[in-house]
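Biologist: Could you show me, step by step, how to read cysteines and charged side chains in a model?

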Amino acid sequence: MTESARLEYMEVALKEARSAFDRGEVPVGAVLVTSDGTVFSDSNRTREMGKPWAHAEHLVIDQACNAMGDWRLSGASLFTTLEPCVMCAGLVLLTRISLVVYGAWDKRFGAFGSVADLEAMPHLNHYPRVLGGVLADESSRLLKEFFRNHR
């Protein structure tokens, strides 16, 4: 995947994050692109759905699995504005997503290097390629503004 395509999908993820911000949700957006080019996008909906697992990444992974009729998403790419937490990183590993691109690092819950590094766990049968820091400033700025306004 080209750098321009990665940036394009991250821009869509940022648009989703802004939508979450406007709805009073923690502003995280995600885009999942399957191996056949099908695109799924969503944002955090934990407050809206009253579900602690309704993270943007979880929602797009679920949408893709339902649409594809399979729990395996080999060849898929996940773009998210915030480093995935342990729950979402676990879903990435279990569904065999091939590439994870994220914006801001999550120093509280990040599971691809910040707090934990699921990539470093031995004996797994799948390890995605991970690129962090893509459009990090924009992603971080939105999160900081949200928490400044809600504290």
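Biologist: How far is the sulfur of Cys88 from the closest cysteine sulfur, and why is there no bond?

Modeller: A disulfide is a covalent bond between the sulfur atoms of two cysteines. In this predicted model, the sulfur of Cys88 has its closest cysteine sulfur in Cys85, at 3.8 Å, which is too far for a bond, because a disulfide needs the two sulfur atoms within 2.5 Å. Cys88 is also buried, with a relative accessible area of 1%.

Biologist: Where is the cysteine sulfur closest to that of Cys65?

Modeller: It belongs to Cys88 and lies 13 Å away, again too far for a bond. Cys65 is buried as well, at 15% relative accessible area, and the structure holds zero disulfides.

Biologist: How many salt bridges does the count come to?

Modeller: The count comes to four salt bridges. One of them joins Glu48 to Arg23, with the closest N and O atoms 3.3 Å apart. Glu48 lies in helix α2 and Arg23 in the loop between α1 and β1, so this pair ties together parts that are 25 residues apart in sequence. Another pairs Asp42 with Arg45 at 2.7 Å, N to O, and Asp42 is buried, with a relative accessible area of 8%. Arg23, Asp42, Arg45 and Glu48 are linked in a network of salt bridges.

Biologist: Which residues gather in a patch of positive charge on the surface?

Modeller: The patch is formed by Lys107, Arg141, Lys144 and Arg148. Among them, Lys144 is found in helix α5, residues 136–149, and is exposed, with a relative accessible area of 52%.

Definitions and conventions: Residues are numbered from 1 along each chain as its sequence is written. This is a predicted model: local features need pLDDT of at least 70, side-chain atom pairs count only at pLDDT 80 or more; totals for chains, interfaces and linings use all residues. Side-chain values use heavy atoms; hydrogens and water are left out. Buried means under 20% relative accessible area, exposed over 50%, partly exposed in between (1.4 Å probe, protein chains only). Patches are made of residues with over 30% relative accessible area and no salt bridge: like charges are joined within 9 Å, nonpolar side chains (Val, Leu, Ile, Met, Phe, Trp, Tyr) within 5 Å. Accessible areas come from the Shrake-Rupley method with a 1.4 Å probe; for residues, only the protein chains shown count as cover. A salt bridge is a side-chain nitrogen of Lys or Arg within 4 Å of a carboxyl oxygen of Asp or Glu. Lys and Arg count as positive and Asp and Glu as negative; His and the chain ends are not counted. The place of a charge is taken as NZ of Lys, CZ of Arg, CG of Asp or CD of Glu. Helices (H or I, at least four residues) and strands (E, at least two) are DSSP runs, numbered from the N terminus.
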